[in-house]
Every structure is written in structure tokens, then in C-alpha cells.
Amino acid sequence: MLNSSIPTLALLFQEAERGRFDQMFQAAAHPDLSKFLVIGALLFIIGVAGVLTRRNIIVIFMSIELILNAANLNFIAFSRYLSQTGNPNALAGQIFTVFVIVVAAAEAAIGLGIVIALYRNKETIWVDEIDLLKW
Amino acid sequence: MQKYIWLVPLLPLIGAAINGLLGRKLRFSETLIGGIAVGSVALSFLISAAAVYSYGFGGHAEWPKPYLTSQDGFSFNWIPGGAVSINQGGEARHEQQAQKQIEERLAAMTPEERSQPHPILIATTDSPRYSLLNIEWSYQLDPLSSIFMLIVTGVGLCIFVFATGYMHGEAGFYRFFAYMGLFMFAMLVLVMGSNFLMMFVGWEGVGLCSYLLIGYYFDRQEAANASRKAFITNRVGDFGFALAIFGVIATFGSAQYTEVFEQAKSFPIELLGHWGILSWIALGLFIGACGKSAQLPLHVWLPDAMAGPTPVSALIHAATMVTAGLYMVTRTNVIFQHSQTMLLVVALVGAATAIFAATIGITQNDIKKVLAYSTVSQLGFMFMACGVGAFAIGIFHVMTHAFFKALMFLGAGSVIHGMHHEQDMRRMGGLKKYMPYTYWTFMAGWLAICGIIPFSGFWSKDEILWKSASTTHIPLGWIVWLIGTIAATCTAFYMTRLMAMTFWGKERFLEGGAGGEADEAHASAYDKGLAAHDAVQPSAGDRPRHEPGEHVGPVHEDVAHHVGTHGHGDSSHHGAHIPHESPPSMWVPLAVLALLAVIGGFVGIGPAFRSITGSEHPGGRLHIVNWLNPIIWNPVTREFNPAEGGHEAAPAEGAHAEATATAEGAHGSASVYGDTGFNLAHSVENTTHSELATEWIFIVISLIVAGIGILLGMLFYVWRPELPNIWAQRLRPLYNASYHKYWVDELYGFVVTRRTMDAARGVYAFDSKLVDGIVNGLAWLSRQFSRIVGGVDKYFVDGLVNTVAAFIVRLMSPLFRAAQTGFTQNYALVMVLGLMLAVAAFFAKDIVTAVRAIVASVF
């Protein structure tokens, strides 16, 4: 009776119907896709929360890295999942991940450069003091 | 030869074009310019003479039929006018038709029936008539135009030759001869044209050339004013002429003489006081003639026209152009003879002009002014002749006048030339010793104009007076005769005065420097090193030195500064200012004209000499009356006069026939024109019981009055030179009136010129105050309106917009401003929230389902 078009939720609630220990054991021994996705989602939420709430621009950067890594984790998870199902294009996810890491590195380099420039001008890296966008 | 007459106007035009267009650019010499001008006119004259000879006397003479060049193919459709509606003269045509029907009925009746009174029913129709008006450019050779061609080219030739001498040294030599040639062309078109439109073209052309030539010395204010005055005065006349041409076209549907007169001759005659269409046409024509021929009240321009060079005065303002009015009246004699009213008007205006101008001539001191008034007076005589129905005699006087007046003008020019541009007769005197040729030729002109018997003026003037006394065309002929006789006396008097003051008596030019200021101007220009230029250089010649009324006495001035830069002769005479005879180029034309002035009258020997000559009009076609007769309409027979016997008729027989015809005409026209009241000649004839004796009485009278005039002149100016001043004192008011030309100029200045200026000022005020006021007022109104609209826009519309917009903006701005914190994280938060919202919205259904499933699984 579950809608098969929502795989994540469906997987979650399928697991819930088994016995608790068995479930835990099985999950630890053979972590399935949903585990990765849940962790990815958590990472993403932590990253978003960090971006939204922290005032230190370095920390915000770090939070952005978390978001990116959440995405990477999803890529990897789906890659693994798809390779188990025998999809020949499963490796695409891993390649994507490599790309994301490269982009993140570049981003970090530029972003930190900006931060340094900002600091030299404003003598602060607290984002609530950087309000030039306000007219 | 007739077929070449189109060359006659063309040659002077070509000459004028060459001189006018190239003369200055190529720096033609005076010889070349003069040669071109004189040569072209001489050729014209030769062609005219040959054409007239072959027309009148040659083997295939067409006389008296008019010869049109279109017969030989020379014509072109000048104005393809198209259809015209003939909407005038319906009444006259009615009468014409009725008359014809009555005559037909009467002819059909037996004599017994005719004696009984009978009602005759007449049916006339008055449907609109149409005609095809095509005006062709073709020349017409007929008795009238041939005389004018010969006068214009012949006298013109003499004057052209004279002018080459007179104008010698003028910077505008080429210009002068270009204008003169152009004038010859226009004048020849005027007299040779075969329709009214061509006459009008020539008419305007001569007016233009007159304007140009009067204003030849246009750097002089006086000449410029005179030229404008002539032009404007002529406009008044041309207006009447133009109306008359419209009338002719509207009545007859054609402008061709042959067609118009053929129709007009059967129109009913309009008696005194009856103003039919032909009277109106004649009035218009006569107004035109008054302007061109300087008749009262449009005579004012001619005396002023003397500001032009003297050859111009001779050619245009004495011999040819001013007689254009006579040409026109004689050409349209059919129309004039149809209107007794207009005949009377013509005669009275002519008589009034004759006496008016003659009395002015008595007191003028400028030699050219005297001649100018003399011309006006003689033109009056010519119109008298036309008015009393003697058109041929009028043309005869045109001819003799052309001879002797051209002669006298040229003689005056010669005097002025010899006197170094002195025109005041009070500074002349005793010139016969210095200028013998001029003197003797002038003498011929003097005797001719006074009317001494063998000279040309006698024949024409005496005929005019006789015809006035014996006219049956109009009433009041005796008044015309009386005025004419008095004017003739005055003529003899002032001409004798002119002779005496100029050629006889004391040599007054020695009393003071006789040189005109023109010479000084020449000298001063020379001193300043100015180049001769006709617009810059003060011109030499024809400059009256004295204002009218200015005292002229001995003038003591140093004459040594008159350094001779003056072009002609040796310069030694400038010191003493002794008059000198003019060069042959000037006195030879004088001699030719003098010869013509002496013998020119023999082509018109009057009927009073029939016992000597054997014929009333001796000489066949050579007699001017016989020559012109076929173009004169006879009101009795209602046809043009038949060509008289001419060569083949035996003299005695011819005389008899002519006498009979004359008698019939004289008594017959009484029936046509009704009772004309007291007739002087007939009254005398009733006393003497002899026509011949009556004519001789009038000849003797005119000779006596001429003698009285001459004797009075001699008495006043030769024998008793103190008399003029005494009589001028005694008759001071009359003298002043004459001296000031009856104040006509002042009157016109006050009545016409000043009123015109007033009217112009009024119209200007109307324009500047009312019209401009309306425009400005409208502008003011629209400005006020726009101010109101602007106010509404500014305060209401803008206010509304501003208020509402400002209110909304003010209302909303805190909200939006609050959103713009400037913190990046706020924006990021909004993005995240928005993303979440979007996802939630996208999966709304699934979320609801999932929540429901959870709830169901929990409970």
C-alpha cells in the first residue's frame, strides 16, 4: 500500500516491519541504501543549519563542505546501489563525486582568497558585520 | 515680298539680342553696336518698304484686302484657347436679327403694302453661342499696318542713326541699343499683329521698353521716378484695354481682326447715351488709348518721360509709341463708329487735351518739356480727328507728326548735345550761328507744326479742323473745332517762342557756365579714377539743371574746372562752352526728317484743292485717304468703304464720284447718327451756298490763326523781349496755372498717390492690428488654455499619481525594507525555506499519504 514512487520512505517503512535486533544486525552487516541516504540527509541538514546559523565565515565554509559531502555520499550510495542491481552506468556516480571534490577544492581556494581579501578590508570575518548588501 | 514681313519685327529683335546679351560681355565697340542696331532696323525698313510696295502697287497687289502671313504658312497656334462661350452682345444680336427680318418682310411686300402700317411679328432666338478660340501668331499687312510699319521703321531708322551720334561716349551704349531694338520689335508686333492679343503683347512690350528707356539713367532719382510713373500710369490704361479684349472675345468669340470686324459691322449703331456692348468695348479701348497716347486724364507721364535720352523721346514719346492709341482706335474704328457716345468722348477728350497741353507748353522753359507738351497736344488733335469720324485724317496726322516731331526732338537733342547738356531755353539763344544744320532743319519742323501752307503739318491739321467743323458723326463739332483752332494758335505761339529762345536773339549761354552738372560729374569721376560704368558713373545728358520755378540768371562760377573728359569732340570747347554743330551722324537724319516734314503732307492734300489738283483725293492709292479708306467702316452702307477707282479711274470722273460719295456720306450719316444739332460748316455753307468756298474759309481761318500765333511769338520773344515778363505779371494766375501744369501732378499726388498711401496704411493697420490681433489673440487664448490644462495636469493628475503612489510606497516600504537585512544568511535562509516549501508543495500529496500511513500504523 506504499507508494513505490517514493523509494526512500518506502525503504524506511519496510525495515520497520522486521524484528528489531534482526533489523539492527542486518543493517550493520549489510548497510543498505537507505542508511547512506539518511546519513547523507543528516549531513546535509547539519551543513544547512551551519550555513544558516554560524557567524564565522570559515565555519560557514566548512558547513558548505558538509553539504557538498552529503551530496557526494548520495552519489556514492546510489552508485553502489545501482552496481548491485547491475546497471552498467553505475560508476557515473563516483565520477561525479570526483568532480564535486575538485569543484569544492577550487571553491575553497577562491572562497578563502575572498575571505582573506575581505579580512584585509573589513578586518572581520563575521558575516553579520559584512552587510554591504543592505542599502 | 509680303511673305517676308515676319522678318520685319524679328530683325530688330535679333539685333537687340546680340547687343544686349553679348555687347557687354564681348566689349563690342560703339561702331559694332551701332552697326548691328542700325543695320537691323535698316533691313527691316527695306523689307517693309518692299512689302508695302508689292502689297499696294506690285503686280499681284492684294490691296485693299488684308494680307495675313498665315496665307503663306507663317503662323503658329499661339494660344490654343479652346471653346469660349459668347455671352455678351445678345441684345445687339437680337436687334440685328430683328432688323434683318424686318428688312426681309419689307422686301417681300409690294409697294402698296409697304405704304400701309403693318404689324410685323419678329422671332429672335437667344441661345448660348460657342466659338472655338484659337489665337494664332501671324502678321497682318493691310493699309493701316503698312503705314505704321513704314513710320516705325523709317523714322526709327533716322532716330537710330541719330542716336549713334548722340549716345557716343555713353557707358551703357550697348544697353541703349538693346532696349531700342527691343522697342522696335514690340512696336512692330503691335502694329503688325493680326489680332487683339498680339496688339496687347506689343502694347505691353512697348510699355516695358518705354519704362526701361525712360529709366535709362536709372542712377538719377528723377529718371527712375519718371519711368515708374510712366509704367504705373500706363497700367491704368492697360486695364481698360484688357477688359475691352475680354469684351471682344466674349462678344465675337474671336480676337482676330478680320473675324471680329466682319461680325461687328452688322451690329446696330448705339446712339448718344445708349450704352450697348460695343460702347463698353470702345470705352475700354479708349481708356487704353488714353494711357498709351497720354490723353487727359492719363497724360501726366509723358512730360516726365523726357528724363530719358532724347532719341528715346523722339522715337517712343513722339513718333511711334504714343501713337499706338491712334493705331488702336483706327484699327477698331468699326467698334468706335458703332458708338456715338464714345466718338463724342474721344473728340472731346482729344480737344481738351489739345488745348490743355498747348497752354502748358507756352510757359515751360525746358526745351524738351515744351516739345513733350506739344506732343500731348498734337495727340489730342489726332483723337479729335478720330472722334469726329475722320480716322484716315487722324492717321495722316500721326504720320506728319511723326516726321516733324521726331525732327524737332532730334533737333532739340542736337541742341542739347551742342550746348553740353543744357536744356533750359533761358540759357540758349542765338544758336543759329553755331548750329546751322540744326537750325534750318528745325525751321522746317517749326513751319510744319505751325501749319504753314506747303509744309506737312498744315495738310493734316487743317483737315482735322475742317472735319471737326463739318462732322455729322457727333454733336458739338463746332466746339471741337473752336478748341482745336485755339490750340493751333497756342501751338504756333509756343513753337515760335521755342525757336526764338533757342535759335534767335541774344546769346545767353555766354552769361554763365552752360555746362550741366553732368560734365562736372564726369570730371569728378575722372578725378577719382573711377572706371566708366553705367550704373556707377553719373550719366551725361538730358539732365535738367533747374527745377521749375528756380530763378535762372547769370551764374558766376569758375568754369575752368570743367576738365574735358566728356567724350565727344575736342576738349577745347569746354573752357568757353561755345555751342558746336553736331556730327554728321546727327544732322543727316535731321535733314532726312526735315525733307519729310516739308513734303510729307503732299500724300494727303485736302479736298479743298480739288480745283488745282483735279481730284478730291489726288494721287490714287498714294493719297492717304484713298489708301486707308478700305479699312474705314461706313456707317451708312454698313460695310467697309470700297476701294476707290485709283489708277484706272479718270480724274474728273473720280472726283465726281468721290464728291457724290462724300455728299451722300455727309448727309447719309446724319440719318444714321440722328440730328447732331448745330453744325458750323453746314451753317457757313448755307450762307455761302458753296461747299468749296466753305472749305476755303476754314483753310484761311486756320492759316490766319497760325499767323497770329507766329506773330505773337515774334512780338513777345523777338521784337519786344520785355513783353513776356509784363504779361506774365498781368496774367499772373493764368501764368502760374500754366507754369505749374494746372497742378495736375499735385492733384494726382493728393487725390491718388496720397490716398493710395493712406489706403495702404489703412490696410497695413488692418493687417497689423486686426489680422495680427486675431492671430495674436488666438495665440494668447491657446496660451491661457494650455496654462489651465497644464495646471490641471500638474496639480490634479500629478497630485493624484504622486499621492497614491507615495501612499502605497510608504505603506509597503517598511515591509520590504525589513526583508533586506543585508545578512547573507537571511537570504540563504529564505532560499532554504523556499526550497523546502517548493519540495513540500511538489510532494504535498505524498506527504499527506505518508502522514496518514504513519498515523494509521501508530494507532
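Colleague: How many of the eight residues of helix 13 (residues 324-331) of chain B are buried?

Modeller: In this predicted model, a residue counts as buried if 20 or more other C-beta atoms lie within 10 Å of its own. The residues of helix 13 of chain B that meet this criterion run from B:Ala324, B:Gly325, B:Leu326 and B:Tyr327 to B:Met328, B:Val329, B:Thr330 and B:Arg331. Helix 13 of chain B is therefore largely enclosed by the rest of the structure, the number of buried residues being eight of the eight.

Colleague: Is B:Arg27 buried or exposed?

Modeller: B:Arg27 sits in the loop of chain B that runs between helix 1 (7-22) and helix 2 (30-56), and its phi is positive, near 55°, in a residue other than glycine. A residue is exposed if 12 or fewer other C-beta atoms lie within 10 Å of its own. Because B:Arg27 has 9 C-beta neighbours inside 10 Å, it counts as exposed.

Colleague: How many C-beta neighbours does B:Leu476 have inside 10 Å, and what does it count as?

Modeller: B:Leu476 belongs to the loop between helix 19 (456-470) and helix 20 (477-503) of chain B, where its phi is positive, about 65°, although it is not a glycine. Since the cut-off for a buried residue is 20 or more neighbours, B:Leu476 with its 19 C-beta neighbours inside 10 Å counts as partly exposed.

Colleague: Which residue does a cis peptide bond join to B:Leu296?

Modeller: The partner is found in the loop between helix 10 (277-292) and helix 11 (301-304) of chain B. The peptide bond is cis, with omega about 0°, and the residue joined to B:Leu296 is B:Pro297.

Technical notes: Residues are numbered from 1 along each chain as its sequence is written. Chains are lettered from A and ligands numbered from 1 in the order in which they are written. This is a predicted model: local features need pLDDT of at least 70, side-chain atom pairs count only at pLDDT 80 or more; totals for chains, interfaces and linings use all residues. Helices (H or I, at least four residues) and strands (E, at least two) are DSSP runs, numbered from the N terminus.
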